Amino acid sequence: MVTEIIIDVGLDETRVAITEDRELAELYIERQENEGVAGNIYRGKVSSVLPGMQAAFVDIGFEKNAFLYVGDIISPKGIFSEEEDVEEKPRDVSIEDILSQGEEITIQVIKEPIGTKGARVSTHVTLPGRYLVLLPKDDHIGISRRIEEEQERERLKAIAEKYKPEGMGLIVRTAAEGLDETEFAQDINFLTRLWERISVRENSGPVPRTLHKDINLTYRVARDLFTRDVDKLVINDRQEYLKVLELVEALSPALKSRVEYFNKNYDIFEYYQIESKIQKALSQKVWLKCGGYLMIDKTEALTVIDVNTGKFVGSNDLEETVLKANLEAAKEIAKQLRLRDIGGIIVIDFIDMYFPEHQQQVLETLRNALKRDRTKTMVSGITTLGLVEMTRKKIRQKLSSVLNVECPYCGGVGEILSPHTVARNAEREINKIFTQSLATAVQIEAHPEVAKVLNGENNQNIEKLENKYCKRIIVKELGSFKYEEFRIREIDNNTFLC
């Protein structure tokens, strides 16, 4: 598989596309006015403690207070916990026993503010390096779950135990697979010095304040995603290119030759045919190669994915046709979740399968396809209604929320009033005018489709209204109007407003 990282540095926006065999696999966007805060460390003040929710709100200088759950205080969770093979459940401790209102604490953002919700934070700080993640306040060792060979896991764990600072913890990242001790020592020295600088800032200054900001998107990608599995990293900004070269030379000198500067007089995303793929990633319908398709719908609580056979009719056997469509859909769903960065609860309605072995085959295909996803996922299984339930860790806003805004006309529901409904609303407004004023004539301005309904066939509807009120009614079509928009003006009976 050919994997490439394409970085488009604009005036106030940086976009990073990860492609696999020329197909868009992941997309990251960071804007100057709305830089990501996940990974940043703050000194904040507890604004309120809520025993009923086992949580607290912390003022860290944002418009909305950050949310701190009791489990993010007493269990080792952090921004990189999806790479860890250890998971502990919160002990039975009340939030009131740990925090009090007005208390100053050091926290790290583990989930970006999304919609009306503030950032989610944790007191368990994690400092990511190239090969390791330092846990200054958690004394344990974890190995990336993506490193599967048991012998290699044991080797890496032994090295981590040798270099682990006293009273601190380490998580060995996927990029460390196959490396020797030298790279570990360099990473740990850098991270421990970084924590020392943060600790100094922690002790004095106004509250709330920022103790540490993670590096920007371009450098995070070079640090976290530019591994030996990536064939090349291409960037279109000369200054950023030189900085990335410097960073890569310090972290992984062997990869320096894979960094390229894009100096063509052409848009870099257009050149690599990424723009058209982004548009497809925003579509509600996703076609499968077999002729079937997915429908992806979001709600406030969860994301629903419906699998349909579409144009796919198979050959002779219905069950084999259904199985083939579901297997392809399972692979495509894993790709779409990763590309669109959909998090939270996800419910999948595969085409009904009669044989239990077919159901298990589809589930295994889905689980295997999800292994390429760095974000933690969990597939629960098939419910009695035949639905597959799963979760995917939510850290950032999904792609559609970054690129789109809510429709100001439909309020985000994806639907607007029909021309017939708008026409009836206009009729009620006419009734108010003729019954509550001395007007003898009105002119209605409306969208052509609404005007068509108001007039009716051969203008019979408008004639009925005129006969009902014994008043003059003129309908004027305005193509510039939205479907739901109309305007009614009182006019002189002998006047036609053009």
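## The largest nonpolar core

In this predicted model, the largest nonpolar core contains 30 residues. Within this core, the residues with the most contacts are I333, I348, F350 and L366. Several helices and strands contribute: β17 (293-298), β18 (302-308), α8 (318-340), β19 (344-349), α9 (356-369) and β21 (388-392) each supply at least two residues. Helix α8 gives the most, with 9 residues.

F350 shows what the surroundings of one core residue look like. Leaving aside residues up to four places away in sequence, F350 touches V307, N326, A329, A330, I333, V362 and V388.

## A second core

The chain also has a second, separate core, made of 25 residues. Among its members are Y131, L156, V172 and I198.

## K393 and the loop after β21

Strand β21 supplies at least two residues to the largest core, and K393 lies in the loop between β21 and α10 (399-403). Is K393 buried, exposed or partly exposed? The relative accessible area of K393 is 28%, so this residue counts as partly exposed. Buried would require a value under 20%, and exposed a value over 50%.

K393 and G344 are 49 residues apart along the chain, yet their C-alpha atoms are separated by 6.0 Å.

## Helix α4

Helix α4 covers residues 217-224 and is mostly covered, with 7 of its 8 residues buried. The buried residues are L217, T218, Y219, V221, A222, R223 and D224. What do they pack against? Their partners are the strands β1 (3-9), β2 (13-20), β3 (23-31), β9 (127-128) and β14 (232-235), together with helix α5 (238-251).

An α-helix has 3.6 residues a turn, so residues three or four places apart point the same way. The N-terminal end of α4 is capped by N216. A side-chain oxygen of N216 lies 3.2 Å from the backbone nitrogen of T218.

## Strand β7 and its partners

Strand β7 runs over residues 104-111 and is mostly covered: 6 of its 8 residues are buried. β7 pairs with strand β4 (residues 41-50) in the antiparallel sense, over 5 bridges. β7 is also joined to strand β8 (residues 120-122) by 3 bridges, and these two strands run antiparallel as well.

Q108 of β7 appears in both pairings. Its bridge partner in one pairing is I41, and its bridge partner in β8 is S122.

## Cysteines

How many disulfides does the model contain? The count comes to 0. Two of the cysteines can be described by their accessibility. C290 counts as buried because its relative accessibility is 15%, and C470 counts as exposed because its value is 69%.

## The chain as a whole

The secondary structure of the chain comes to 13 helices and 24 strands. Of the 498 residues, 46% are buried. Contacts often link distant parts of the sequence: among those between residues at least 6 apart, 65% join residues at least 24 apart.

The radius of gyration of the chain is 29 Å, whereas a compact globule of 498 residues would have one near 23 Å. Along the principal axes, the C-alpha atoms fill a box of roughly 95 × 70 × 55 Å.

Key: Residues numbered from 1 in each chain as written. Predicted model: local features only at pLDDT ≥ 70, side-chain atom pairs only at ≥ 80, totals over all residues. Heavy atoms only, no water. Core = buried A, V, L, I, M, F, W, Y, C linked by side-chain atoms within 4.5 Å. Buried < 20%, exposed > 50% of the residue type's maximum accessible area, 1.4 Å probe, protein only. Helix = DSSP H or I, 4+ residues; strand = E, 2+ residues; numbered from the N terminus. Contact = heavy atoms within 4.5 Å. Disulfide = S-S within 2.5 Å. Polar contact = N/O pair within 3.5 Å; in protein donor to acceptor, adjacent residues only side chain to side chain. Pairing = 2+ DSSP bridges. Rg over C-alpha atoms; globule rule 2.2 N^0.38 Å.
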